[in-house]
Structures are given as structure tokens and as C-alpha cells.
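Let's take a friendly walk through a protein fold, one piece at a time. Keep the picture beside you as you read.

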Amino acid sequence: MKNDGIASANISALHCIDLSSPDIHTSVTLLKQACLDSGFFYVVNHGISQEFMDEVFAQSKKLFDLPLEEKMKHLRNEKHRGYTPSLDEHLDPDNQINGDYKEGYYIGVEIPEDDPESQRPFYGSNLWPTAGTLPGWKETMEKYHQEALEVTKAVSRLIALALDLDVDFFDRPEFLGRPIATLRLLHYEGKLSDPSNGIFGAGAHSDYGLITLLATDDVSGLQICKDKDAEPQIWEYVPPLRGAFVVNLGDMLERWSNGIFRSTLHRVLGNGRERFSIAYFVEPSHDCIVECLPTCQSKINPPRYPPIKCETYLLQRYKDTHADRNSYK
């Protein structure tokens, strides 16, 4: 196992982007600095009320408080919807002796089974707990799914400007007009991590999609490593910030930007306290062609990656990671 550098871990000072600010120039400048440095930043004043966020976390807790037998009735299916128990996933198998000490629940884009689009990878019907078991749960999660997508689109407009693109570049139908978006509820049971012995809340990984939004409770655990090739690796904690999302870029955006913007290695360490978080992963539409952006290439910096269809790229990455979602924070 690698020396995990935990003795050198400190606090990461991330930029904070105010989505309500009229000073777009400053917002774009801060975001660009963050994307060049680590691909991680906070967003605040994003339009989702704290009252509603508290309700989403409360409903998430109600789900995970159910007996295991009840949760296993909704075990994740081939469409990547439903429940995943603790130790089910290995995000860093080379350095983990067990799976991740967390349980989760996937909620994707809801497509009725009689819609031909439901046959496409990553689309389909969700697995919902019955209204008798968790009243109002489905409605809360569907509303959050929609509102989180609007936040992602607002962030994508700043990213477009930071890449010298038109502000609505990612709003196009082939990009985020019909996105592949997955909500992921997460519960860390309070297991104390021990990196030197391969025990993690969530193993080290980078996200392979476009953009991830992360809402957390007030318990620390998320760490980032800005230089994955360093020996030892230096890990920095990302402190929880009430009312904010932690946003990070995925491998797809690093590829799209020709390596200019960064997708960074991250993991979760348990400190013995129960922890809840809510991740929202967003990729463009199935048929989107991911190819080097015109503003990210030149004669001295030609495209590093060949064009690839989003659906093909995602299927390859799912296969590479044994069909497990790559990012759980």
C-alpha cells in the first residue's frame, strides 16, 4: 500500500463562488482559479433553501434508519437504481482490505418503462420505497433532483465563460438539455478509518463524469489530494460549509478541456461519527460528442484525446470500475 500521507493532512482553502452575485467577472475568475488548481470549490446562494436541504437530509436519514431487510428489498438493479449496503463498493481496491464503510441509494432520471428512451443505459424507472413506509419521500427526492440540476446548469454557465465559450454552451440539448443525472444518498455508519491498514469510508478515486455537487452535514471526512503522483500523497480536508455545495469537476471535463481543468483524487475518512452526504452526478446527454473544445487547443497544445460519444465513454468507465459508480463522497 502507498504511504497515505495522513500525517501531513491539513485543511484545503477552497474558493467560494456566490451564484447570486451580479459580479460575473469575479465569479468566473475565482472559478477558473479553482478549476486550474484542484477542480474543487464551494458554491453558495445557489437557490435551494436551507429549509428544503434540511428536509432532504431528514428524509435520507429516515431511509437509512430502516431495517436492513427493508432496505435490501430495493437492492441496486442493472439500471443503477436503489440501495447499496456497506462494504458493497470498492473505490480503491489496490489500497482497501474491505469495501467502503458506507451505504447508499441511487436515484436517476425518471423515465417511464413505456418510453423507448428507458431502454438506453443509465435511463429508466427508479426504485421507490412505498408511501406507506416513507410518506413523502419520493416527492422530496424528485424535487431535489430537479433543483440540483438547475444549480448544476448555473455552475456550467460559469465554467463555459471560464473556458472562453458562450455562456449557454452547456445548455444546448445535446449537452445538458437531456442529461444523465444521478442523485446518490450516502450514510457513513461511524466506522473509524485507518488508511495505513486499508480501512476507508470511501477509497481514493476521481469522478469520471462532468460535474458533481455534494451536500454534506457538519461532520468532516472528505479529503482531496492535488498531486496524485506525489510520494507520499498529501491529503487535505475539505471542511463542511453549511448552506454550500462542494463542487468538483470530473474526468470528462478534464478530457473536454484538454487537461486544462482538473479532476482531482479524493476520498472519505471516517472519524468515528455518523455522517450523511448527498452527491449529485451530472453528465451530458447520451449522444453528446466529447471532443477537445476549440478554446482549449492550439498548435503547441493539440488535442490529447480522440472524440468519443458520451454514452460510449460512460459505458467504458463503468466496465473499468466493475460497474460501480466511481464517486461516493
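## The annotated domain

The UniProt record, an unreviewed entry, lists residues 179–284 as "domain: Fe2OG dioxygenase". What you are looking at is a predicted model. In this model, the end C-alpha atoms of residues 179–284 lie 5 Å apart. Strand makes up 41% of that span and helix 6%.

## The eight-stranded sheet

Start with the open sheet of eight strands, which runs in the order E2-E3-E11-E8-E13-E6-E5-E4 and has mixed pairing. Strand E2 (16–18) and strand E4 (82–84) stand at its edges; each has a single partner strand, so one side of each has no neighbour in the sheet. From one strand to the next, the twist averages 25 degrees. H1 packs on this sheet, touching E2, E3 and strand E11 (245–249), and its direction makes about 150 degrees with that of E2.

Helix H2 (residues 50–64) lies across E4, E5, E6, strand E8 (211–216), E11 and E13. Its direction is at about 110 degrees to E13.

## A strand wrapped by its surroundings

Which strand is worth a second look? Try strand E6 (residues 180–188): nine of its nine residues are buried, so it is largely enclosed by the rest of the structure. Ile180, Thr182, Arg184, Leu186 and Tyr188 point one way from E6, while Ala181, Leu183, Leu185 and His187 point the other way.

How do its neighbours pair with it? E5 and E6 pair in the antiparallel sense over six bridges, with lysine 102 standing opposite tyrosine 188 in E6. Strand E13 (residues 275–283) also pairs with E6 in the antiparallel sense, over nine bridges. There, leucine 183 has tyrosine 280 in E13 as its bridge partner.

## The five-stranded sheet

Another open sheet is formed by five strands in the order E1-E10-E9-E12-E7, again with mixed pairing. Its edge strands are strand E1 (10–11) and strand E7 (202–205), and each pairs on one side only. E7 pairs with strand E12 (residues 265–268) in the antiparallel sense over two bridges. Alanine 202 stands opposite valine 268 in E12.

## Inside the cores

The largest nonpolar core holds 71 residues, and those touching the most other members are Phe41, Trp137, Tyr144, Ile159, Leu185, Phe245 and Trp256. H4 gives the largest share of this core, eleven residues. Apart from this core lies another, of 17 residues, including Leu14, Val44, Leu222 and Val238.

Let's zoom in on two residues. Leaving out residues up to four places away in sequence, phenylalanine 41 touches Leu14, His15, Ile17, Leu31, Ala34, Cys35, Val155, Phe245, Val246, Val247 and Leu249. Valine 43 is in strand E3 (residues 40–44) and is buried, with a relative accessible area of 0%. Its C-alpha atom is separated by 5.8 Å from that of aspartate 18, although the two residues are 25 residues apart along the chain. With residues up to four places away in sequence again left out, valine 43 touches Ile17, Leu19, Val155, Gly243, Ala244, Phe245 and Val247.

## Two crossing helices

At what angle do the axes of helix H1 (residues 24–37) and H4 cross? They cross at roughly 80 degrees and come within 9 Å. That makes H1 roughly perpendicular to H4. On the H1 side, the contact is made by Ile24, Ser27, Val28, Leu31 and Lys32. On the H4 side, Val155, Leu158, Ile159, Leu161 and Ala162 take part.

## Unusual backbone spots

Here is some background: most residues other than glycine have a negative phi, and most peptide bonds are trans. Phenylalanine 122 has a positive phi of about 75 degrees although it is not a glycine. You will find phenylalanine 122 in the loop between strand E5 (102–107) and helix H4 (137–162). Aspartate 164 also has a positive phi, of about 60 degrees, and sits in the loop between H4 and helix H5 (173–177).

Are these two residues buried or exposed? Phenylalanine 122 counts as buried because its relative accessibility is 11%, under the 20% cut-off. Aspartate 164 counts as exposed because its relative accessibility is 57%, over the 50% cut-off.

Finally, the peptide bond from glutamate 231 to proline 232 is cis, with omega near 0 degrees. Proline 232 lies in the loop between strand E9 (222–225) and strand E10 (236–237).

Definitions and conventions. Residues numbered from 1 in each chain as written. Predicted model: local features only at pLDDT ≥ 70, side-chain atom pairs only at ≥ 80, totals over all residues. Heavy atoms only, no water. UniProt positions renumbered as here; feature names shortened; annotations may be inferred. Helix = DSSP H or I, 4+ residues; strand = E, 2+ residues; numbered from the N terminus. Buried < 20%, exposed > 50% of the residue type's maximum accessible area, 1.4 Å probe, protein only. Core = buried A, V, L, I, M, F, W, Y, C linked by side-chain atoms within 4.5 Å. Contact = heavy atoms within 4.5 Å. Pairing = 2+ DSSP bridges. Axes fitted to C-alpha atoms, helices over the stretch in contact; angles between N-to-C directions. Parallel < 35°, antiparallel > 145°, perpendicular 65-115°, else oblique.
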